[in-house]
Every structure is written in structure tokens, then in C-alpha cells.
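Some notes on the packing and strand pairing follow. Please read them beside the model.

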Amino acid sequence: MTLAFDAFYQPTGEDGIFESTPATASPWDHSLQHGGPPAALLARAIESVRSDPALSIARFTADMLGGIPQGTMRVEAHVVRPGRRVELVEASLWAGERLAVKASAWLIRATPGSTREHWCSGGKVPAIPQASSERFFEGVSPDWGYGRALDWRFVSGGYEPGPATVWARLRVPLVAGEETSPVQRLLTLADSTNGLSGSLPMSSWYFIPPTVTVTVERPPVSEWMLLDARSTIGPDGIGLAQGGMSDEHGRFAVVTQPLMVAPR
């Protein structure tokens, strides 16, 4: 497949400043960004300032403070609560002069193999299906950047109302010229939980998540990630999207998003 972009973001040469590409585009307004790539860019900033590379992101929350426009992004992060075993880091993403996203992450020191004998992987996962012709939500252009920036292989469900289980992998790096870390990859996908599992037609209903929280047991070990997404709606216009993320070894993360549900 030929893509019109080679990354979600292009570095500008200035520390912490990036230009978004069409790969970040929201399905409903291409002048705005999908929530996944900005979340991953904030995770990159968090990983860059942590006190020790052995500290692994175990809980990540991104609060979207409005639509995230395309253009120049400035990202910064700082350690709030340093620690040898547990650390808290906060990060901010600015679109021009506007604070667009706030994030926080708890990091926990990983000790390789120390609890392997007690590890429960969560059972077998379905095989990755063969590639099929790509289509997106009704009314969404087949050239939708974020949609084309990932390789989607549905096990069940799809771009219609209801739950969905899908294997996906990034086709381009988060930042041009860089290797994308495992946590950055999973966060690029995680914010798709609500969009893939809306229980009403998206052409006539809003499902807006102002925030996303991802709790990470371990980073994924390969490029393919399985997202099992489900959404429910309460009686008063508030919903809940939940997703389980796995690789070939089993579950590695859980995603939760509150939803504002309203007719368009």
C-alpha cells in the first residue's frame, strides 16, 4: 500500500516540537486529530524524562481539553513524584498557544522474570485474519489518514454498531526517523476503543470520550495488537467504553473511557 505520509508526526528540529501529518486525522473532521497519536506523543515525552528506563508506564491517562487541531504541536513533561520503584510523571501537549491535552502516568520499576511463575496470560487469543479490502465508517473517506496508517484485521464486528475484536498494527512510526516504543504503539491504538464499539450508528449519534485511561500490565512484545472493544450506554446520556488489549502471549492492557452520548 502506498501512503501519502511516512509517520504520524514530523520532528521540526526543535526539542519537543512536531508537525502533525494526515496520519493523525480524525474520521469526522480531518482538520482535527484522532486521540490516539497525541496520547502516544505524550507517552514519548513521559518516557524521555523518567528517572530510569527500567521504570515502565503502568497507568496512563490523557484528558482531551477540546478538539486537537492539525499543525504544530509542543510537548513537555516533568517528574512530579520521583522514586526508585514508583514514579509519577505529568505531560502537556500544546496546539499553538492552547493547552490541548494533559496527561499523567504512574511508572513502576519492571524486574524481568521476578513474577513469571505467577503470571497468568489470560488464555489463547484468536489468529490474525488475512488482509481484506479496507472500508471505514459510513460517510468516512477511504483516504482517512489514521485509518490507513494502521493495518486492521477484524476477528468480529467492524465499522458498524456493536462490539468489535480486531488485530491492528502501525504501518508508520509515531515520529519520523524514530523507532516507536511498545507503549507508544499501544497508546496509538487504545483511543480507538470507543469508536470501534459504539452501540448506536455514529452517523446519527455522538460518542465523545473526554479522557482515556490505559492500565498496562506489560508492554506488547510484537507489532500486532488485539483490541477487544465493548461499549455500554446508561439511561442519562453517559456511556462507558472498555477494551482489552492482547498480543500472542495474552492480555497486556485494559482501556476505559467515559462517553458523552447524544444525538447529532
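1. Met-245 is in contact (heavy atoms within 4.5 Å) with Leu-186, Leu-189, Ala-190, Met-225, Leu-226, Leu-227, Gly-250, Arg-251, Phe-252, Ala-253 and Val-255, leaving aside neighbours within four places in sequence.

2. On provenance, this is a predicted model: local features need pLDDT of at least 70, side-chain atom pairs count only at pLDDT 80 or more, and totals for chains, interfaces and linings use all residues. Residues are numbered from 1 along each chain as its sequence is written, and side-chain values use heavy atoms, with hydrogens and water left out.

3. The largest nonpolar core (buried Ala, Val, Leu, Ile, Met, Phe, Trp, Tyr and Cys residues joined through side-chain atoms within 4.5 Å; buried means under 20% relative accessible area with a 1.4 Å probe, protein chains only) has 61 residues, and Phe-8, Phe-60, Trp-152 and Met-245 touch the most other members. Helix 1 (residues 36-49) supplies the largest share, seven residues; helices here are DSSP runs of H or I, at least four residues, and strands are E runs of at least two, numbered from the N terminus.

4. A second, separate core has five residues, including Phe-207 and Val-261.

5. Strand 10 (residues 211-216) contains Thr-211, which is buried at 16% relative accessible area. Among the residues Thr-211 touches, not counting those up to four places away in sequence, are Gln-257 and Pro-258.

6. Strand 10 runs antiparallel to strand 3 (residues 55-64), joined by five bridges; pairing requires at least two DSSP bridges. Phe-60 stands opposite Val-214. Strand 10 also pairs with strand 13 (residues 250-263), antiparallel, over four bridges, and Thr-215 has Val-254 as its bridge partner there.

Terms used. Buried means under 20% relative accessible area, exposed over 50%, partly exposed in between (1.4 Å probe, protein chains only).
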